[in-house]
Amino acid sequence: TLRASLNTESEFEQIVFSSDGSRVIVPEGTSRHQVFLTSDLSPDGTYGPNSQVAVAAAVRADGMVAAGMTEGRNIYLYKPGSRALYRTYELGTRFPNELRPGGLAFGSERLYAVTGNSYGHKQFRLHVIVPRDPSTVGVEVARESVKYGTRVTATLSLDTASANRHVVLYGTVPGTGQREKVAARDVGPEGATFTFTARKNWRLDAVYAGDEVTDAATGSTSLKVAATAEARVLNAVRQSYGRAYLHAGDTAMILAEVKASAPCARFRIEVEKMGRFRKVDQTRCLALGSTGRIKLGLRSRRGTGYYTLRVAAFVPEGRYNTFGSSRWQEIQFCARAIPCDPGGRATARPRLP
């Protein structure tokens, strides 16, 4: 008969043997779960963090170890044969969720935890925990900023040993709660790719539901979608190098075709003075409707020759789209007695506030 003794500096109410009987685990009521060899009770490391009070331990038949604490994340799990932390569960630190001394036990798969208090009205609660393997799901897009209507390729990844590999991708407009289902795929070890048309600013969430043996998981990324616009004069006398020519006193009819999920767009008007264009006006945000078109009429001062302005349509920065604009459409009004000069130049897209 082998006999050994051990002196400890604190009281304890439980000892638990490892599944093979080679070690004993002692939640001493101090900072950690001490482990000793059963052969001679020599120390053999610890389980759990060193900043909490150890009150319970349990060992599953396959060797999984549960170390219970009264504070923080109450239960710490370790895979068979490993001292590396596998995962944690938080029951709470206040009644009725404070883990009781000796309050952990394993069934064939599930872990049972007893919480409560022993003062006054004795009330206890049984928690049933199914230890699941963690999983990781991710979503990536080739470009995080694109123009409206661009075909975007997304790649889903899933790290799990489970047979369930179904992932659903949702798109949510930030700040609105508007969520749409983008795609659903079974994701193999090499991942899964698909394409969709970008129309809105989205937070893309890849959602994996998990199963009986694997935890659920969510992975996210962002996609910014810029609005696009084109503006042109419908009734120009002539067009040349990005400039439309009309006679003084005429009304320039400007049509903008906007591609955006935003509800409205604006026109900005600038007038040329001493060789420089200066802002003179900006319309209210005009509703795009189902056609995506907005119109503007600009009447020149009668009798003024070579009066030049420029107009751009733009979608302001917003929840649904990032800023996007048309090129400047220059308009020159010519006195009827003086021929319109067809000179001019193509202009870049404006930088609008």
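**Strands, salt bridges and one disulfide**

Student: At 23% relative accessibility, what does Asp 44 count as?
Tutor: The model here is predicted. Buried means under 20% relative accessible area, and exposed means over 50%. Asp 44 has 23% relative accessibility, so Asp 44 counts as partly exposed.

Student: With which residue does Asp 44 form a salt bridge?
Tutor: The closest N and O atoms of the pair are 2.5 Å apart. The partner lies in strand β2 and Asp 44 in strand β4, so the pair ties together parts that are 21 residues apart in sequence. At 30% relative accessibility, the partner counts as partly exposed. The partner of Asp 44 is Arg 23.

Student: What is the order of the strands in the open sheet of four?
Tutor: Start with the edges: β1 (16-17) and β4 (43-47) each pair on one side only. The pairing in this sheet is antiparallel. The order is β1-β2-β3-β4.

Student: Which residue in β2 stands opposite Phe 17?
Tutor: β1 and β2 (residues 23-27) run antiparallel, and two bridges join them. Strands of a sheet pair through backbone hydrogen bonds, either parallel or antiparallel. Opposite Phe 17 stands Val 24.

Student: How many salt bridges does the structure hold?
Tutor: Side chains of opposite charge can pair when their charged atoms come close. Arg 60 and Asp 62 form one such pair, with the closest N and O atoms 2.8 Å apart. The total for the structure is 12.

Student: Is Arg 60 buried or exposed?
Tutor: Its salt-bridge partner Asp 62 has a relative accessible area of 42%, so Asp 62 is partly exposed. Arg 60 has 9% relative accessibility. The cut-off for buried is under 20%. Arg 60 therefore counts as buried.

Student: How many residues apart in sequence are the parts that Arg 60 and Glu 109 tie together?
Tutor: The two side chains meet in a salt bridge of 3.6 Å, N to O. Arg 60 lies in the loop between β5 (54-59) and β6 (65-69), and Glu 109 in the loop between β9 (99-106) and β10 (111-117). The separation is 49 residues.

Student: Which residue joins Arg 23 and Asp 44 in one network of salt bridges?
Tutor: Arg 23 and Asp 44 form a salt bridge. Salt bridges that share partners make the network. The other member is Arg 83.

Student: Which residue does the disulfide join to Cys 264?
Tutor: The structure holds one disulfide. Its S to S distance is 2.0 Å. Cys 264 is in strand β24 (residues 264-273), and the partner, 21 residues apart, is in the loop between β25 (276-282) and β26 (286-287). The partner is Cys 285.

Student: Which handedness does the disulfide of Cys 264 and Cys 285 have?
Tutor: Cys 285 has a relative accessible area of 22%, so Cys 285 is partly exposed. Handedness comes from the torsion about the S-S bond, which is about 90°. The disulfide is therefore right-handed.

Student: Which side chains of strand β27 point to one face and are buried?
Tutor: In a regular strand the side chains alternate between the two faces of the sheet. In β27 (residues 293-299), Arg 293, Lys 295, Gly 297 and Arg 299 point to the other face and are not buried. The buried ones are Ile 294, Leu 296 and Leu 298.

Student: Which residue in β27 stands opposite Thr 251?
Tutor: Strand β23 (residues 251-259) and β27 run antiparallel. Seven bridges join them. Opposite Thr 251 stands Arg 299.

Student: How far apart are the C-alpha atoms of Arg 179 and Arg 203?
Tutor: Arg 179 is found in strand β16 (residues 179-186). Leaving out residues up to four places away in sequence, Arg 179 touches Tyr 170, Gly 171 and Thr 172. Arg 203 is 24 residues from Arg 179 along the chain, and their C-alpha atoms are separated by 9.2 Å.

Student: How many strands are there in the protein chain?
Tutor: Of the 353 residues, 46% count as buried. The chain has zero helices. The strand count is 30.

Student: Over which residues does pLDDT stay under 50?
Tutor: The chain averages a pLDDT of 87, and 86% of the residues score at least 70. Where pLDDT is low, the predicted coordinates should not be read in detail. The stretch under 50 covers residues 344-349.

Conventions. Residues numbered from 1 in each chain as written. Predicted model: local features only at pLDDT ≥ 70, side-chain atom pairs only at ≥ 80, totals over all residues. Heavy atoms only, no water. Buried < 20%, exposed > 50% of the residue type's maximum accessible area, 1.4 Å probe, protein only. Pairing = 2+ DSSP bridges. Salt bridge = Lys/Arg side-chain N within 4 Å of Asp/Glu carboxyl O. pLDDT = per-residue confidence, 0-100. Contact = heavy atoms within 4.5 Å. Disulfide = S-S within 2.5 Å.
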